[in-house]
Amino acid sequence: QVQFVESGGGLVQPGGSLRLSCAASGNIFRLYAMAWYRQAPGKQRELVAAITSGGSTSYEDSVKGRFTISRDNAKNTMYLQMNSLKPEDTAVYYCNRGLGYAASWGQGTQVTVSS
């Protein structure tokens, strides 16, 4: 079974930056398409950014130019560099597989952007 553990969230001011990390268990992480998702209270979970096994990336329109998704297959880890943060980025952020293959959801990591 594949498990993911998110970390790196916190409280930041608008315009600030955070880097989220996603540590994966298992021995075939390098073969997975992966993605970051987020969910705010009362809202549906949404896809934020995705990355293929080969490193190709895609982003939700609202985060383009501000967020960067990356992965280090040797470390079984995925990252989300978040710059120029806005209050509307406030949510619990989750990592999981992409392309419709999501496993069970973990605890996520809380990102709060506020003055």
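**Briefing: an all-strand chain and two loop residues**

Asn76 sits in the loop that links strand E7 (67–72) to strand E8 (77–82). Its phi is near 50°, a positive value in a residue other than glycine, and this residue belongs to a predicted model. The chain that holds Asn76 has 10 strands and zero helices, and its elements, read from the N terminus, follow the order β-β-β-β-β-β-β-β-β-β.

**Overall form**

- The radius of gyration of the chain is 13 Å, which agrees with the value near 13 Å that a compact globule of 115 residues would have.
- The C-alpha trace spans about 40 × 25 × 20 Å along the principal axes of the chain.
- Among contacts in the chain with a separation of 6 or more, 52% join residues that are 24 or more positions apart.

**Surface and charge**

- Buried residues make up 39% of the 115 residues of the chain, while the accessible surface comes to about 6,300 Å², with 46% of that area belonging to carbon and sulfur atoms.
- The chain carries 11 positive and 7 negative charges, and the mean positions of these two sets are 6 Å apart.

**Residues with positive phi**

- Most residues other than glycine have a negative phi.
- Asn76 counts as buried because its relative accessibility is 18%, and the cut-off for buried is under 20%.
- Leu99, with phi near 55°, also has a positive value in a residue other than glycine, and Leu99 is located in the loop between strand E9 (91–97) and strand E10 (109–113).
- Leu99 has a relative accessible area of 72% and is therefore exposed, the cut-off for exposed being over 50%.

Methods. Residues numbered from 1 in each chain as written. Predicted model: local features only at pLDDT ≥ 70, side-chain atom pairs only at ≥ 80, totals over all residues. Heavy atoms only, no water. Helix = DSSP H or I, 4+ residues; strand = E, 2+ residues; numbered from the N terminus. Rg over C-alpha atoms; globule rule 2.2 N^0.38 Å. Buried < 20%, exposed > 50% of the residue type's maximum accessible area, 1.4 Å probe, protein only. Contact = heavy atoms within 4.5 Å. Areas by Shrake-Rupley, 256 points an atom, 1.4 Å probe, with all protein chains shown as cover. Lys, Arg positive; Asp, Glu negative; His and termini not counted. Charge placed at Lys NZ, Arg CZ, Asp CG, Glu CD.
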